[in-house]
Amino acid sequence: EAATATKHGTKRRARARSTAHDVRFACEPGRTSRWEGTRRSRSCGRRACPGRNGQVWRVPVSDGGWLLLRQVSTKSSVHSSLQTDAFSMPRFKEEFNVDVLAKDEESLQFRMVGIDPALANAFRRILIAEVPTMAIEKVHFVNNTSVIQDEVLAHRLGLVPVRADPRLFEFKGTEEDHHEKNTIVLRLKIECTQNGDEVMNKNVYSSSLEWLPGGSAIPADEEQKVIPPFRRSQTEFISDTIRPVHDDILIARLCPGQAIELEAHCVKGIGREHAKWSPVATAWYKLEPEIKMLKPVEGELAEALAGLCPKTFKLVKDGRSKGRQKIELTSAQGDEMELERIRHLSGEEPWEGHFKLQKIKTHFIFTIESTGVMAPEQLFVEAIKVLMNKCDTCERLLLPE
């Protein structure tokens, strides 16, 4: 609707919807200001008042409320900051850096410098949901006399991480037949027996899963046979033995006389389809902390601070005063408890105003915890390849030849 605003005898027209709570008016080409509007009801009792960048107008609307209009300059610091934070490939090549902080067989912690939060989050999401792995998809039972139903047992088997290099295998199509390049066959055949007071095979662990490189071993006359043996053995192109990541995962418990015989078929997939294909237990990042010294901390305050936070601060001699000590920052990478203590101290007397804990927005501490199916450093490399493929696809669709 058209609303008329009056101030000092000057009339201006603005268009606004009476249902809007926050309205922005685009400025005309060549203009250096725009209008921002906020709708108020009559009962709010607020009046128009001058704003930071211009005058505020109170405009009545048809439903009995008011529309507050404020003229805002488009030459603000917000716009300039957006321009300075724009992505620059030369600057990215110069500033980007990766430093490994800690590493073991199943976890990796490293620092990434010079990237945008969107890129860091893209790596995290790709690691969780789009790096392919091998996992049990189909379970074919020959015999199961345990108390666990076939469906429950199949679900438990599906969540057992399998150590197999997915780069050596292909995705299986919906109508595609099983073969040595898209399927891994694992067999579980165990029976619980009793010899006097000794009970054998009471607990069924993941170590009982046996890799069949030649394919299915179910006899040909059985109805359960679903795939023929492979044309060639998988040992021809796989050097390491395929097995569960951990041998002590409890699958079932049996009583004497009970037995389980089955075949589990593993295929290639991604975590976006099911969590069993996710290669990481977790992947997360945080902004790197930074302690900024605002004032010198000397004398008794320095001694007290060094005692409270010994991993972050240390005492050094003050060259300006004989026998006097001052505090010096050693590292901002202390444990989480000490960093939290520093954050609390920075807002309390007598420390307030001497230092503060802040974050560096382009420095990320990234942590990858693998399930063991692949080394964590390999997972990160695969995540980079997935992101590169996405960029190639986007470029091909947007810039066709």
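User: Let's start with Arg-167: which residue does it form a salt bridge with, and how far apart are the closest N and O atoms?

Analyst: The general idea first: side chains of opposite charge can pair when their charged atoms come close. In this predicted model, Arg-167 pairs with Glu-382, and the closest N and O atoms are 3.8 Å apart. The cut-off for a salt bridge is 4 Å, so the pair counts.

User: Where do Arg-167 and Glu-382 lie, and what does the pair tie together?

Analyst: Arg-167 is in the loop between strand E10 (162-163) and strand E11 (184-191), while Glu-382 belongs to helix H7 (residues 376-398), so the bridge ties together parts that are 215 residues apart in sequence.

User: And are the two partners buried or exposed?

Analyst: Take them one by one. Arg-167 counts as partly exposed, at 41% relative accessibility. Glu-382 is buried, with a relative accessible area of 12%. Buried means under 20% here, which is why Glu-382 gets that label.

User: Which residue of helix H7 also forms a salt bridge with Glu-382?

Analyst: That's Lys-385, with the closest N and O atoms 3.4 Å apart. Lys-385 and Glu-382 both sit in helix H7, 3 residues apart, or about one turn of the helix. Lys-385 is partly exposed, at 41% relative accessibility.

User: Which residues are linked in a network of salt bridges?

Analyst: Asp-165, Arg-167, Glu-382 and Lys-385 are linked that way. For the whole model, the count comes to 13 salt bridges.

User: Can you walk me through another one? What is the N to O distance between Glu-210 and Arg-187?

Analyst: Their side chains meet in a salt bridge at 3.0 Å, N to O. Glu-210 lies in strand E15 (residues 210-211) and Arg-187 in strand E11, so this pair ties together parts that are 23 residues apart in sequence. As for accessibility, Glu-210 is partly exposed at 38%, and Arg-187 is partly exposed too, at 25%.

User: On to charge that isn't paired. Which residues gather in a patch of negative charge on the surface?

Analyst: A patch here is built from residues that have no salt bridge. In this case Asp-104, Glu-105, Glu-106 and Glu-369 gather in a patch of negative charge on the surface. Look at Glu-105 as one of them: it lies in the loop between strand E7 (97-103) and E8, and it is exposed, with a relative accessible area of 74%.

User: Strand E8 follows on nicely. Where is Arg-111, and which side chain does it make a polar contact with?

Analyst: Arg-111 lies in strand E8 (residues 107-113). Its side chain makes a polar contact with the side chain of Glu-288, at 3.2 Å. Arg-111 counts as buried because its relative accessibility is 16%.

User: How should I read Asn-182: buried or exposed, and what are its polar contacts?

Analyst: Asn-182 counts as buried, at 0% relative accessibility. You'll find it in the loop between E10 and E11. A polar atom of its side chain lies 3.1 Å from the backbone oxygen of Asp-177. The side chain of Asn-182 also makes a polar contact with the side chain of Thr-183, at 2.8 Å.

User: What about residues separated along the chain? How many Å separate the C-alpha atoms of Gly-257 and Ser-146?

Analyst: Here you set the distance in space beside the separation along the chain. The C-alpha atoms of Gly-257 and Ser-146 are 9.3 Å apart, with their positions 111 residues apart along the chain. Gly-257 is in the loop between strand E17 (250-253) and strand E18 (259-269), and at 56% relative accessibility it counts as exposed. Another pair to look at is Asn-121 and Tyr-285: they are 164 residues apart along the chain, and their C-alpha atoms are separated by 8.2 Å. Asn-121 is found in helix H3 (residues 117-129) and is partly exposed, with a relative accessible area of 24%.

User: Last topic, the backbone. Which peptide bond is cis, from Glu-349 onward?

Analyst: Omega is the angle to check. The bond from Glu-349 to Pro-350 is cis, with omega near 5 degrees. Pro-350 lies in the loop between helix H6 (336-345) and strand E22 (355-370).

User: And what is phi of Asn-201 near?

Analyst: It's near 60 degrees, a positive value in a residue other than glycine. Asn-201 lies in the loop between strand E13 (198-200) and strand E14 (203-205), and it is partly exposed, with a relative accessible area of 36%.

Note on methods:
Residues are numbered from 1 along each chain as its sequence is written. This is a predicted model: local features need pLDDT of at least 70, side-chain atom pairs count only at pLDDT 80 or more; totals for chains, interfaces and linings use all residues. Side-chain values use heavy atoms; hydrogens and water are left out. Helices (H or I, at least four residues) and strands (E, at least two) are DSSP runs, numbered from the N terminus. Buried means under 20% relative accessible area, exposed over 50%, partly exposed in between (1.4 Å probe, protein chains only). A polar contact is a pair of N or O atoms within 3.5 Å; within protein, one must be able to donate a hydrogen and the other to accept it, and residues adjacent in sequence count only if both atoms are side-chain atoms. Patches are made of residues with over 30% relative accessible area and no salt bridge: like charges are joined within 9 Å, nonpolar side chains (Val, Leu, Ile, Met, Phe, Trp, Tyr) within 5 Å. Accessible areas come from the Shrake-Rupley method with a 1.4 Å probe; for residues, only the protein chains shown count as cover. Lys and Arg count as positive and Asp and Glu as negative; His and the chain ends are not counted. The place of a charge is taken as NZ of Lys, CZ of Arg, CG of Asp or CD of Glu.
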